[in-house]
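Hi,

Here is the structure I said I would pass on. Have a look at it first, and my notes follow below.

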Amino acid sequence: VLRFSKEFGTLPDEVVPALYSALSAGVPKDNVFAFMETANKLAVGGVTDVETAVDGLSSVVNAYGDDLITAAEASDIMFTTVKLGKTTVDEISRSISNVTPLASALGVGFDEVGAGLAVLTSKGVPTAQATTQLRAAFSELSKEGSVADKAFRDLAGVSFTDFLANGGDLITGLQLMDQGA
């Protein structure tokens, strides 16, 4: 902790709770300081504290699995979401767990979730509300027999989940729904 604090200019009082959070979130001990380095860079770039960055990154990596997304990739997407949207790393970290478990289960990539958040927040939707709206849309589209499911099937010829499984992406799926509306 002292070596990390000195190397990255972060006070030990900030590193210890973040380290505890990372380990509690399941970050392997042999990888925890590499994870913390990524979180520290996100915290500095995103003007937040390391523990908040750890929370956001671990939520994403745990939802998708470290075989599908690394902490560095999640960090890059979060930073891009901040850059293109009207949100902060702090806001994303506090609310991203509203949407990532369902998005991951459906096969919606975190890059697509980030793009959705950037679009919604840039239009003035608060981040927490945007994550809830995305989750609701995913839930409704994936629920067999729902109005959204029936409409999507009429437009695409397959269910939303089959569309995604066959290589479709969120943006194209939403564009189909928009054109059909």
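**What I found**

Just past the end of helix 3, Val47 has a positive phi of about 50°. Before you read on, bear in mind that this is a predicted model.

Staying with helix 3, I checked whether its length adds up. The helix covers residues 32–45, which is 14 residues, and at 1.5 Å a residue it should span 20 Å; its end C-alpha atoms are 20 Å apart, so the two agree.

Which residues of helix 3 are buried? They are Val32, Phe35, Met36, Thr38, Ala39, Asn40, Leu42 and Ala43. The cover over them includes helix 1 (2–8) and helix 2 (12–24) from earlier in the chain, plus helix 4 (50–64), helix 5 (71–84) and helix 6 (89–95) from later on.

Next, two helix pairs, both involving helix 8.

Start with helix 5 and helix 8. Their axes come within 8 Å and cross at roughly 20°. Angles under 35 degrees count as roughly parallel, so helix 5 is roughly parallel to helix 8. The crossing is right-handed. On the helix 5 side the contact is made by Ala74, Ile77, Met78, Thr81 and Leu84, and on the helix 8 side by Phe110, Asp111, Gly114, Leu117, Ala118 and Ser122. Sorted by class, that contact has seven nonpolar residues, three polar and one charged.

Then there is helix 8 (residues 110–122) with helix 9 (residues 127–142). How do these two axes cross? They come within 9 Å, at roughly 125°, which makes helix 8 oblique to helix 9. This crossing is right-handed too. Helix 8 contributes Val113, Gly116, Leu117, Leu120 and Thr121 to the contact, while helix 9 brings in Thr127, Ala130, Thr131, Gln133, Leu134 and Phe138. By class there are six nonpolar and five polar residues here, and no charged ones.

If you're clicking through residues, Leu117 is worth a stop: it is listed in the contact of helix 8 with helix 5 and again in the contact with helix 9.

One last residue, back in helix 5: Ala72. Is Ala72 buried or partly exposed? Its relative accessible area is 40%, and since buried means under 20% and exposed over 50%, Ala72 counts as partly exposed. The C-alpha atoms of Ala72 and Leu57 are separated by 8.6 Å, with the two residues 15 apart along the chain.

Cheers

Key:
Residues numbered from 1 in each chain as written. Predicted model: local features only at pLDDT ≥ 70, side-chain atom pairs only at ≥ 80, totals over all residues. Heavy atoms only, no water. Helix = DSSP H or I, 4+ residues; strand = E, 2+ residues; numbered from the N terminus. Expected span 1.5 Å × (residues − 1). Buried < 20%, exposed > 50% of the residue type's maximum accessible area, 1.4 Å probe, protein only. Contact = heavy atoms within 4.5 Å. Axes fitted to C-alpha atoms, helices over the stretch in contact; angles between N-to-C directions. Parallel < 35°, antiparallel > 145°, perpendicular 65-115°, else oblique. Left-handed = near helix turned anticlockwise from the far one by under 90°. Nonpolar A, V, L, I, M, F, W, Y, C, P; charged D, E, K, R; others polar.
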